[in-house]
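Ready for a few exercises on strands, helices and cores? Have a look at the model below, then work through each task and its solution.

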Amino acid sequence: MIDMAGRSENLDFSFIEKKWQERWSEQKIFEPQPGKGKKFYLTVAYPYPSGAMHIGHIRTYSVPDVIARFKRMQGCNVLFPMAWHVTGTPIIGALNRLKSGEKKQLHVLKDVYRMSDTDLASLNEPMDYANYFINNHYRKGMKALGLSIDWRREFTTNDRHYNRFIEWQYRTLKSKGLVKKGLHPVKWCTRDKNPVTTHDLLEGEDADINEYILVKFRLSGKAGAVLPMATLRPETVYGVTNAWVNPESELAEADVDGEKWIVSSECAEKLSEQNRKVEVRRRFRGSELIGKKAKNPVTGDSVLILPAEFVDPDSATGIVMSVPSHAPFDYIALRDLRDSSRLRKWGIRKRDIEAIKPIHLIDTKDMPENPAVSLIEESNAKSQKDREIIESLTKEIYRKEFHSGVLNKRCGKYAGTKVSKAKPLLVRDFSKKGIFDSMLDFSERVVCRCGGRVIVARKSSWFIDYGNPGWKRKTRNLLSRIKIIPEHMRSEYESTIEWLEDWPCVRNYGLGTDIPWDRKFKIEPLSDSTIYMSYYTISHITKSMSPDSLVPEFFDFVLLGKGDAAEVSRKSGISEAEIIAARKSFEYWYPLDWRLSAHELVQNHLTFFLFHHTALFPKKHHPKGIATWGIGLLEGGKMSSSKGNVILASDAIEKYGADTIRLFLMSSVEPWQDFDWRASEVENYRRRILNFYNRVLSLHGKGKKRETSLADRWLLSRAHSLLRETTQSLEGFQTRKASLSCFFAMEDSLRWYLRRTESPNKGVLNEFLSMWIRMMAPFTPHVCEELWERTGKQGMVSIAEWPRHDDGLIDEKAEKMEELVKKTLEDCNNILKLVGKKPKEVRIFVAEEWKHILYSSILDSGIKDPDEVISHVMKSPEGKKYGKRALRFAQRLASNIAGLGFILPFEDEFSALNDATKFFSRELGCNVRVMRAHESGSEKALRAEPGKPGIEVVA
């Protein structure tokens, strides 16, 4: 038996990583040329280099690399390119925050990213900032990870060559009527005076744009001003008992479209950006309204204006109507106010508060009358400060009332109408009367990366018409054909296609591409990153061309096959040969086989990707598959650069080695699941890789040439079974399942084999090791290259042939026989522990052949009823022959009918155990005899069953 550990070397991960990365670069093995074998083209979302590369990025870019390496070894001509997304304002905002000396930004740059004062001083322009992180973190980190990227195709989205490509894209979309101009809601940065998208946000990425209904209460008194109270539930206007205002807020008295309104100062600014004429006359504190009354325009009731901490002046109008029967915040605010010592300060009497009674408006099945009152009183909410509890109850009430609530008799002509139907009717009717209005606002606070407050504005701008019915139909058709991993995400694409309408595709300034027909606008980040996969196919060719020569006709010909090469050459000044080469490159690589990105981009970038391909390319060039991944956690917590809760890629690679990180990230969970980086587990992977390396070196060339034994056949069968599993898993992007097969299960199989045999079969062992190195190469390429070389193989394992499983070598019987040996050894050891004495001999009895015959006949019959088992056995020839013994055997089988499974035939069971006699003796430290049960009168022999030999210990 060979020691599994073998000799040990202290592997220098850093040394071999640099060694093989240099060789890969020198031999250009990741720079594919068109025309060599079956192509495989995959891309991953290019990074936005506004900060350092961390372990979350490592996972993002390691997954496609594992797949790329796997397909390359399968004989595919693989293209895996990379570029840098710098479009928009985030990099500009980051630089501006640095220049202004913002403490938070300086902390991240100096303490988290460890930039020196010299580094910081070198960042004068936005692209200086971007290039610092590209050069010092991303490109360097990707190369240190051993990513098999074709670096010839690298570009940034601010490069002039790329700008010309995007200009062509948008000219083409406009010519098809898919880009239009109009007034539309946009996310508007109040600092930069610029439309922004999710990509540009520091906070509020998931905020929804809500349309608030403004109920136009009027301040009591002669010619009272309008107090527009914002609500998402206009049907509750019949149950208003009072109004709320935050006494510390700043209010504005303003002329809004010729009418005098009182709103928060924040609201006045929002209204002015929503195509309304707003002129502020004066500003004052909210406390000025406390104790006054306002008239409900629907019911005519006069209600008291009261103070409330929960009212956010930056939410809608900053003035809220109170419906305590159905709004938990309103009820608890009233309850707080009853016990407040500040009532006298506002000139409000306690009895005025106590006189306010909830007005029940909505009858809902399974909900009590005055549901907000009941649920708050039953909850643990003590005051308005228990926001999470109150918000949860608010959502519960709203959901149930909206879907199954019915307005009661207090609601006039709308009584008996379901809430879901009444809401639009109320809005229509009262808007016509001029007592309802509306405004747009976010569902939560939104902040731009520049630090500016973001509001909803209505602006005249350029939009992509994703609502176009014909375009939606084409995109749905593409989605029905494309592969989606994981499949359950398909519904996310479907719903996104449905709700997408006009999308603002420009901003006023930033990095990136001017919209070619209106150069005061820049194309925004999500809109310039929809078909850049097609540009990768020619980006290495266009680099030698002048940007000005990249006329629209060049892209028409190269990407769409329109026009004539000679005419394009005449217009552009580019040689016909270069134009034709670019066309051939595109045609060879397109369509894209796989697009990889994050789950969170399904609702924008990835669905845009589908839309734009259907708009611009023929069906034959539509993408074939999209795979999306989960997010990363750090020791169970969310990663955050600003809080210093990140691990930089450079630090992780230096400490653990690239292959360790790759294997850990690929093995811990499947790519579409969220991973959790835990240092102790990563260190364990490092040790296991070192053991793998040393074992292969120690075992290579060991053993003897001989005929194959059962253990040899078992090892080859296991290897080819695991190879098949690994291959199938990688085809489905199941990196965890693949690694469990090709690393952990292969390791376990080898360990058992070396334990099982005194002298390994040299040929079998070398074949196993060769397969193992190649199967691991996509995961741990540097270590595997070193092993490939040190075991005398020619060339590089990165381009060696992926092993092919041989179904003829997958021997199910050999695997079952060896499983029996394992299980029997385990049973022997358990019995010896109970005996507690050193045995003189262990006897193993194989059940009599008639038991095997009966067991197999029950399995073949498909019997599931225990009573039928006994009947079946006793009617059989064996049952009649062995009588009571057969009955007892049948009863034992019947008691475990659900647990019956495959068994070896009698002679195979005996052969497997008899073959292992020496192994058993060596393991148990005593003489071992394997006998047929009928050769002994021992009680243990008589009780032996198929697959469960009898075991007798002679002490």
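**Exercise 1.** Find how β20 and strand β25 pair, and place them in their sheet.

Step 1: β20 pairs with β25 (residues 625-629) in the parallel sense, over three bridges. Strands count as paired if DSSP finds at least two bridges between them, and strands (E, at least two residues) and helices (H or I, at least four) are DSSP runs numbered from the N terminus.

Step 2: Across from Ile-485 you will find Ala-627 in β25.

Step 3: The open sheet has five strands, ordered β2-β1-β24-β25-β20, with parallel pairing. β2 (77-79) and β20 (483-485) each have a single partner strand, so one side of each lacks a neighbour in the sheet.

This is a predicted model: local features need pLDDT of at least 70, side-chain atom pairs count only at pLDDT 80 or more, and totals for chains, interfaces and linings use all residues. Residues are numbered from 1 along each chain as its sequence is written, and side-chain values use heavy atoms, without hydrogens and water.

**Exercise 2.** Describe the largest nonpolar core.

Step 1: A nonpolar core joins buried (under 20% relative accessible area, 1.4 Å probe, protein chains only) Ala, Val, Leu, Ile, Met, Phe, Trp, Tyr and Cys residues through side-chain atoms within 4.5 Å.

Step 2: The largest one has 215 residues, and Met-82, Met-142, Phe-554 and Trp-677 have the most contacts inside it. Helix α26 (residues 735-756) supplies its largest share, 10 residues.

Step 3: A second, separate core of 62 residues includes Val-323 and Phe-329.

Notes: Buried means under 20% relative accessible area, exposed over 50%, partly exposed in between (1.4 Å probe, protein chains only).
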